[in-house]
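Work through the exercises below with the model open. Each task is followed by its solution.

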Amino acid sequence: MNLPQPSGLSSLKKTVFLSFLLVFSFACSLVPYYDASVIEQIEETTATADRFYLLMEMDSTDEDSPRAYEAAEPFYYDIILDLRKINRMNNYRKSSEASSKQVETAIDIVEAQRSIHSDLERLDDRDLIELHRGQTMDALYILRATESRLPKRQNP
Amino acid sequence: MSFEIDEIIGDMAEAIKGSVKEDWPDTKDVVKQFLDRRKERMKLIAELILKGTLTIESAKPYLDIEKKLLEMEILGVSIITKAMAQNAANKALKVLVDAIKMALPV
């Protein structure tokens, strides 16, 4: 009968332990880790959107007011580009499929807002502006609220 | 109108609750935060229709956006639920690794 040698047993234990760690490391990667730079980018996007809707609320007589679609269009594209930047950051993160899907839906929302504004040509009703603002800001709030609850990396 | 909105918000909460099942007790606070923000906006859409700024037809794209926001919320809650599971698993793993480190001869 061949009994394992002490050194063989130790090597077997190491292999089992390392395999165990490997399995756990895969099992524990369900979502990406919290990334402060993603939060920063969401904040930047929120600031762009805030500025856009503030200008829209402020002045209806100025011909450069983003109440007119022509003046608003660059803001919509800025917000979409900012969101695409977040998704490029997501591409480098493990297990980020659901987060990326969330950002893609936010982009769809801004694109839908842009399309409505384009059809209307102008947004002059204050309550309607408030509705646009609320929906855009809510999309960004959901992104931030989700990212802020991701697990923080722990030092070993 | 407010009663109907409360009912709609309640139905939305049920939809989210159904998607998170046993994690509902841990996620209901964040769902409440999401839906409270939604409630005022649903009222606003109703008011815009009542005052004639929007018609049922022209309100439809805004309701489609609300549907997309709900999708984002459900995704968010599922991510948060997984994050909690990941946190718990990582804590358990740390306990295990620490115990093994202690048991190993230096």
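Angles over 145 degrees between two helix directions count as roughly antiparallel. The model used here is predicted.

**Exercise 1.** Determine how H3(A) and H4(A) are oriented relative to each other.

Solution.
- Two packed helices are described by the angle between their axes and the distance between the axes.
- For H3(A) and H4(A), the angle is about 175° and the axes lie 9 Å apart.
- Angles over 145 degrees count as roughly antiparallel, and H3(A) and H4(A) are therefore roughly antiparallel to each other.

**Exercise 2.** Describe the contact of H3(A) with H4(A).

Solution.
- On the H3(A) side, the residues include Tyr76(A), Ile80(A) and Leu83(A).
- On the H4(A) side, they include Val103(A), Ile107(A) and Val110(A).
- By type, the residues of this contact are 11 nonpolar, 7 polar and 4 charged.

**Exercise 3.** Check the span of H4(A) against the expected value.

Solution.
- H4(A) has 24 residues, and at 1.5 Å a residue these should span 34 Å.
- The end C-alpha atoms of H4(A) are 35 Å apart, which agrees.
- Just after H4(A) comes Glu121(A), with a positive phi of about 70°.

**Exercise 4.** Find what the buried residues of H4(A) and of H2(A) pack against.

Solution.
- Among the buried residues of H4(A) are Val103(A), Val110(A) and His117(A).
- These buried residues of H4(A) pack against H3 and H5 of chain A, together with helix H3 (56–103) of chain B.
- In H2(A), the buried residues include Ile42(A), Phe52(A) and Met56(A).
- The cover over the buried residues of H2(A) includes H3 (69–91) and H5 (126–148) of chain A.

Methods
Residues numbered from 1 in each chain as written. Chains lettered and ligands numbered in written order. Predicted model: local features only at pLDDT ≥ 70, side-chain atom pairs only at ≥ 80, totals over all residues. Buried ≥ 20, exposed ≤ 12 C-beta atoms within 10 Å, placed from the backbone. Helix = DSSP H or I, 4+ residues; strand = E, 2+ residues; numbered from the N terminus. Contact = placed C-beta atoms within 7 Å. Axes fitted to C-alpha atoms, helices over the stretch in contact; angles between N-to-C directions. Parallel < 35°, antiparallel > 145°, perpendicular 65-115°, else oblique. Nonpolar A, V, L, I, M, F, W, Y, C, P; charged D, E, K, R; others polar. Expected span 1.5 Å × (residues − 1).
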